[in-house]
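The exercises below ask you to read a model residue by residue and then as a whole. Keep the sequence and the coordinates open while you work through each solution.

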Amino acid sequence: INFSGRFSGIANDFTAFGEFKTRLGRVITDLNMKFDPKGYPSYKGSLKAYDFNLADLLDRSDLGRTTLSANITGRGLVINSLHEQLTGNIQYFDYNGYRYSNIILDGSFTNRLFDGKVRIDDRNVKLNFDGNIDLKPNRPVFNFDAVIRGANLHVLNFTKDTLQIDADFTTNFSGSNLNNIQGSFQIEKVRLTNTEDSFVID
């Protein structure tokens, strides 16, 4: 890791302003960080990441790289104890072999629970998400409304055939697979479009 910039303050209350260059990518920060008497960190400020390698950072082969800017206020550094409030603009984000662009994020992340809004304005999918997802290891919980328009599932690498979907989702369920799902999952205004026809499903 190479750092150019400055630190100001004392060991348990300082501001880091500068640029970190790592093998994963480049990060620019303007963050104030404090540590309580037990060494627990809290932080507030902004960060920008450029072509950052999320796949290597999180050891996830379905992820790729991202470029983003975000304002963040939070406590903790370990995913099980994170308490964060964040707003961000994601220029691009790689998932499942596709690069999504123009993403706006506004929400909180606490102990694996995301609660907030996500908007994607990509040429191959438009998404408005409002709600929460609790990523518990044993039984995730999904409680959100989502509107999807123009999702080209073939280009997004979800189907082999050319298929576009438009739909409204209302969910309130828990479960990690089809065998343990409990709750409700409602889909409305469904339109499926392929190379030959378009179908509306009520």
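**Exercise 1.** Which residues is Asn-53 in contact with, leaving aside its neighbours within four places in sequence?

Solution. This is a predicted model, in which local features need pLDDT of at least 70, side-chain atom pairs count only at pLDDT 80 or more, and totals for chains, interfaces and linings use all residues. Residues are numbered from 1 along each chain as its sequence is written, and side-chain values use heavy atoms, with hydrogens and water left out. Begin with the element: Asn-53 belongs to strand β4, where strands (E, at least two residues) and helices (H or I, at least four) are DSSP runs numbered from the N terminus. Next apply the contact criterion, heavy atoms within 4.5 Å, which yields Leu-24, Gly-64 and Arg-65 as the partners of Asn-53 once its neighbours within four places in sequence are set aside. Finally, Asn-53 counts as buried because its relative accessibility is 9%, the scale being buried under 20% relative accessible area, exposed over 50% and partly exposed in between, with a 1.4 Å probe and protein chains only.

**Exercise 2.** Locate Asp-51 and Asn-96, and compare what is computed for their backbones and their exposure.

Solution. Take the backbone first: phi of Asp-51 is near 50°, a positive value in a residue other than glycine, and phi of Asn-96 is near 55°, again positive in a residue other than glycine. Then place them: Asp-51 sits in strand β4, which covers residues 41–53, whereas Asn-96 is in the loop between β6 (83–95) and β7 (98–110). As for exposure, Asp-51 is partly exposed because its relative accessible area is 32%, and Asn-96 is partly exposed with a relative accessibility of 27%.

**Exercise 3.** Is Asp-168 buried or exposed, and with which side chain does its own side chain make a polar contact?

Solution. Asp-168 is found in strand β11 (residues 164–174), and it is classed as buried because its relative accessible area is 14%. Its side chain makes a polar contact with the side chain of Arg-149 at 2.9 Å; such a contact is a pair of N or O atoms within 3.5 Å, where within protein one must be able to donate a hydrogen and the other to accept it, and residues adjacent in sequence count only if both atoms are side-chain atoms. Beyond its neighbours within four places in sequence, the contacts of Asp-168 include Ala-146, Val-147 and Gln-186, together with Arg-149.

**Exercise 4.** Which backbone oxygens are reached by the side chains of Gln-85 and Thr-159?

Solution. Consider Gln-85 in strand β6, whose side chain reaches the backbone oxygen of Gly-107 at 3.3 Å. Gln-85 also touches residues including Asn-71, Ile-72, Asp-106 and Ser-108, not counting those up to four places away in sequence, and it is partly exposed with a relative accessible area of 44%. Turn then to Thr-159, which lies in the loop between β10 and β11 and whose side chain reaches the backbone oxygen of Asp-161 at 2.8 Å. With neighbours within four places left aside, Thr-159 is in contact with Leu-153 and His-154, and its relative accessibility of 26% makes it partly exposed.

**Exercise 5.** How many residues does the largest nonpolar core have, and which elements each supply at least two of them?

Solution. A nonpolar core is a set of buried Ala, Val, Leu, Ile, Met, Phe, Trp, Tyr and Cys residues joined through side-chain atoms within 4.5 Å. The largest has 31 residues, and Val-125 and Ala-151 are those with the most contacts inside it. At least two residues of this core come from each of β2 (13–22), β3 (25–35), β6, β7, β8 (113–122), β9 (125–134), β10 (141–152) and β11, and β10 supplies the largest share, 5 residues. Ala-151 touches, among others more than four places away in sequence, Val-125, Leu-156 and Ile-165. A second, separate core of 6 residues includes Leu-24, Val-27, Phe-52 and Leu-63.

**Exercise 6.** Describe the chain as a whole.

Solution. The protein chain has 1 helix and 13 strands, and buried residues make up 35% of its 202 residues. Its C-alpha atoms fill a box of roughly 65 × 35 × 25 Å along the principal axes.
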